[in-house]
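This report describes how the helices of one protein are arranged and how they meet one another. It should be read alongside the sequence and the structure shown below.

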Amino acid sequence: MFVANAVDAESANEEVAVEIALRPGRVAAWIPISIIVVPLVLALLMATIVAAPLSVVAVCILAVWTACGYLSLAYVVGDRMTRAAGREVQPFIALMIGLLAIRLLRLIPIVGAIAHSIVVLIALAATCAVGWD
């Protein structure tokens, strides 16, 4: 379902944002799977001579999936922040507010790096959860 909508980036991000906002437990369940299974599969692909080029393509797809999830998570954060403030804003503005909040969190010396790593894992897990459907 996610692969079919990959051409339409807006609907793909919307699916991931809905997954993050409405089913956070399912996304949390995908975090260990995305930490263990994805690197293991990539390592197995890199170990074979025939599938080594495929592993490079898989890493590129993984990077795009993670970026899609990161933007969707930033949109959810921005949307929740603006709704908590009692305002309705356009989706682009909510996305920018969410990106700003995540980047400001990243500026905290040690805690920020840990929190940003968790944000990236949540983004990857959300796209894996949507991609599995």
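## Basis and overall architecture

In what follows, a helix axis is a line fitted to C-alpha atoms over the stretch in contact, and an angle between two axes runs from 0 to 180 degrees between their N-to-C directions. The model is predicted.

The protein contains five helices and zero strands, and from the N terminus on its elements run α-α-α-α-α. Along its principal axes, the C-alpha trace spans about 55 × 35 × 25 Å. Of the 133 residues, 33% count as buried, and among the contacts between residues at least 6 apart in sequence, 63% join residues at least 24 apart.

## Helix α3

Helix α3 covers residues 52-84. With 33 residues at 1.5 Å a residue, α3 should span 48 Å, and because its end C-alpha atoms are indeed 48 Å apart, the expected and modelled spans agree. The buried residues of α3 are S55, T66, C68, G69, Y70, S72, L73, A74, V76, G78, D79 and T82. After the helix comes G86, whose phi is positive, near 80 degrees.

Two of these buried positions can be followed individually. S55 lies in α3 and, at 1% relative accessibility, counts as buried because the cut-off for that class is under 20%; leaving out residues up to four places away in sequence, S55 touches L42, L45 and M46. T66, also placed in α3, is buried with a relative accessible area of 17%. Apart from its neighbours within four places in sequence, T66 is in contact with V120, A123 and L124, and T66 lies 8.7 Å from A126, C-alpha to C-alpha, although 60 residues separate the two in sequence.

## The contact of α3 with α5

Helix α5 comprises residues 111-132, and it packs with α3 at an angle of about 105 degrees, the two axes being 8 Å apart. That angle makes α3 roughly perpendicular to α5. On the α3 side the contact is formed by L62, W65, T66, C68, G69, Y70 and L73, which meet H116, V119, V120, I122, A123, L124, T127, C128 and G131 of α5. By class, the residues of this contact divide into eleven nonpolar, five polar and no charged.

## The contact of α3 with α4

Helix α4, residues 91-106, packs with α3 at an angle of about 100 degrees, with the axes 6 Å apart, and α3 and α4 are therefore roughly perpendicular to each other. Here Y70, L71, A74, Y75, V77, G78, D79, M81 and T82 of α3 meet P91, A94, L95, I97, G98, L99, A101, I102 and R103 of α4. This contact has 13 nonpolar, three polar and two charged residues. Y70 of α3 is listed both among the residues that meet α4 and among those that meet α5.

## Helix α4 and its buried face

For the 16 residues of α4, a rise of 1.5 Å a residue gives an expected span of 22 Å, and the end C-alpha atoms are 22 Å apart, which agrees. The residues of α4 that count as buried are A94, L95, G98, L99 and I102. Viewed down the axis of α4, these buried residues fall within an arc of 135 degrees, so they line one face of the helix. The buried residues of α4 pack against α3 and α5, whereas F92 and L100, on the other side of α4, are exposed.

## The contact of α4 with α5

The remaining pair considered here is α4 and α5, which pack at an angle of about 140 degrees with their axes 7 Å apart. The two helices are therefore oblique to each other, since only angles over 145 degrees count as roughly antiparallel. From α4, the contact involves I102, R103, L105 and R106, and from α5 it involves G112, A113, A115, H116 and V119. The residues of this contact divide into five nonpolar, two polar and two charged. I102 and R103 of α4 take part in this contact and are also listed in the contact with α3, while H116 and V119 of α5 appear here as well as in the contact of α5 with α3.

Methods:
Residues numbered from 1 in each chain as written. Predicted model: local features only at pLDDT ≥ 70, side-chain atom pairs only at ≥ 80, totals over all residues. Heavy atoms only, no water. Helix = DSSP H or I, 4+ residues; strand = E, 2+ residues; numbered from the N terminus. Parallel < 35°, antiparallel > 145°, perpendicular 65-115°, else oblique. Contact = heavy atoms within 4.5 Å. Nonpolar A, V, L, I, M, F, W, Y, C, P; charged D, E, K, R; others polar. Expected span 1.5 Å × (residues − 1). Buried < 20%, exposed > 50% of the residue type's maximum accessible area, 1.4 Å probe, protein only. Arc of directions from axis to C-beta.
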